[in-house]
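Welcome! Please take a moment with the sequence and the model before reading on.

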Amino acid sequence: MEKKSEDAPLLVAQSGPLNGQRWALRTGMIIGREPNCDIVISDRQVSRQHARLMLTPNGILLEDLGSKNGTHYNGLLIDRPVFLEDGDTVQIALSQKFVYLSSDATLPLESDIQPMPGIKPGLLRLEKRSRRVWIGEHEVLPPLSVSQFSLLEMLYEHQNLVVTRAELIKAIWGEEQAVVVSEQALDALVRRLRERLFSIDPDHNYIVTIRGHGLRLDNQPADE
């Protein structure tokens, strides 16, 4: 069952079958495929008891329980317990990705990415650490995928300014992968992000294409 707390660290499911669910880590938890696990992932890639989160005096400890397909911590396969820090990612097999938020990051926060000077705060707000997005009072749920959030984050940092397609590709896929990412891949990602924002606010086009130059975020002021 999904739980929320402003006093405990949170585990937030991102991409995967549990996308958007959150768990307050007040006690230790077992992640796995068995129905009696604390966090159940119904996927054959996931072992019956796959990984464990343990509360210790030094913080939250992540341990793989000898799973068949492994547990990744910030992209690295773990073979011993590791302590989680704010913003760390946990990948269970190839099935489910989580982000860990320490207790101070679970408190209601204003966006920690500020618009360019002189630009009024817009209806669309983005909170980087928890990777949450709101339009007005409505949160975009389920949460954006990692690539969708990276695209929106780049535009949000430079809202109402044009960001070139090359800059966007590099920010989303990284410098090494940028040379092999096609224009069609970026177009498809932009289309999916527009659809997600349209589902909340169908009366405004937040992502504007400037032909021959790139994209910009048109974030209408919140008081309009």
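This report walks through the sheets, the helices and a few single residues of a predicted model.

## The six-stranded sheet

A good place to start is the open sheet of 6 strands, whose order is β2-β1-β11-β10-β7-β8, with antiparallel pairing. At its edges you will find β2 (22-24) and β8 (76-77), each of which pairs on one side only.

Inside this sheet, β1 (residues 10-13) and β11 (residues 96-101) run antiparallel and are joined by 4 bridges. To find one of these pairings, look for Val 12, whose bridge partner in β11 is Val 99.

## Loops around that sheet

Three residues in the loops are worth a visit. Gln 14 sits in the loop between β1 and β2. Is Gln 14 buried or exposed? Its relative accessibility is 4%, so Gln 14 counts as buried. Setting aside neighbours within four places in sequence, Gln 14 is in contact with Asn 19, Gly 20, Gln 96, Lys 97, Phe 98, Val 99, Arg 131 and Val 146. Val 99 is also the bridge partner of Val 12.

The other two residues are of interest for their backbone angles. Most residues other than glycine have a negative phi. Asn 74, in the loop between β7 (71-73) and β8, has a positive phi of about 50 degrees although it is not a glycine. Ala 93, in the loop between β10 (89-92) and β11, likewise has a positive phi, near 50 degrees. As for their surroundings, Asn 74 counts as partly exposed because its relative accessibility is 39%, while Ala 93 is buried, with a relative accessible area of 1%.

## The three-stranded sheet

Further along the chain, 3 strands form an open sheet in the order β12-β13-β14, again with antiparallel pairing. β12 and β14 stand at the edges with a single partner strand each, so one side of each has no neighbour in the sheet.

Two hairpins link these strands. β12 (residues 124-127) and β13 (residues 132-135) pair over 4 bridges, and Leu 124 has Ile 135 as its bridge partner in β13. There are 4 residues between the two strands, and Arg 131 in the turn has a positive phi of about 55 degrees. Arg 131 is also among the contacts of Gln 14.

The second hairpin, of β13 and β14, has 2 residues between its strands, and here Gly 136 takes a positive phi near 65 degrees. β13 and β14 (residues 138-139) pair over 2 bridges. In β14, the bridge partner of Ile 135 is His 138, and that of Trp 134 is Glu 139. Ile 135 therefore takes part in both pairings, with Leu 124 and with His 138.

## A helix across the strands

Helix α1 lies across β12 and β13, running at about 115 degrees to β12. Glu 127, found in strand β12, is buried, with a relative accessible area of 2%. Glu 127 and Glu 153 are 26 residues apart along the chain, and their C-alpha atoms are separated by 9.2 Å.

## Helices α2 and α4

How are two packed helices described? By the angle between their axes and the distance between the axes. For α2 (residues 165-173) and α4 (residues 183-198), the angle is about 80 degrees and the axes are 11 Å apart. The two helices are therefore roughly perpendicular to each other. Where they meet, α2 brings Arg 165, Leu 168, Ile 169, Ile 172 and Trp 173, and α4 brings Glu 183, Ala 185, Leu 186, Asp 187 and Leu 189. By class, this contact has 7 nonpolar, no polar and 3 charged residues.

What span should the 16 residues of α4 have? At 1.5 Å a residue, they should span 22 Å, and the end C-alpha atoms of α4 are 22 Å apart, which agrees. The buried residues of α4 are Leu 186, Ala 188, Leu 189, Val 190, Leu 193, Arg 196 and Leu 197. Their cover includes β12, β13, α1 (146-157), α2, β16 (207-210) and β17 (214-217). Among these buried residues, Leu 186 and Leu 189 also meet α2.

Definitions and conventions:
Residues are numbered from 1 along each chain as its sequence is written. This is a predicted model: local features need pLDDT of at least 70, side-chain atom pairs count only at pLDDT 80 or more; totals for chains, interfaces and linings use all residues. Side-chain values use heavy atoms; hydrogens and water are left out. Axes are lines fitted to C-alpha atoms, for helices over the stretch in contact, and angles run from 0 to 180 degrees between N-to-C directions. Angles under 35 degrees count as roughly parallel, over 145 as roughly antiparallel, 65 to 115 as roughly perpendicular and the rest as oblique. Contact means heavy atoms within 4.5 Å. Ala, Val, Leu, Ile, Met, Phe, Trp, Tyr, Cys and Pro count as nonpolar, Asp, Glu, Lys and Arg as charged, and the others, Gly among them, as polar. Two strands pair if DSSP finds at least two bridges between them. The expected span of a helix is 1.5 Å times one less than its number of residues. Buried means under 20% relative accessible area, exposed over 50%, partly exposed in between (1.4 Å probe, protein chains only).
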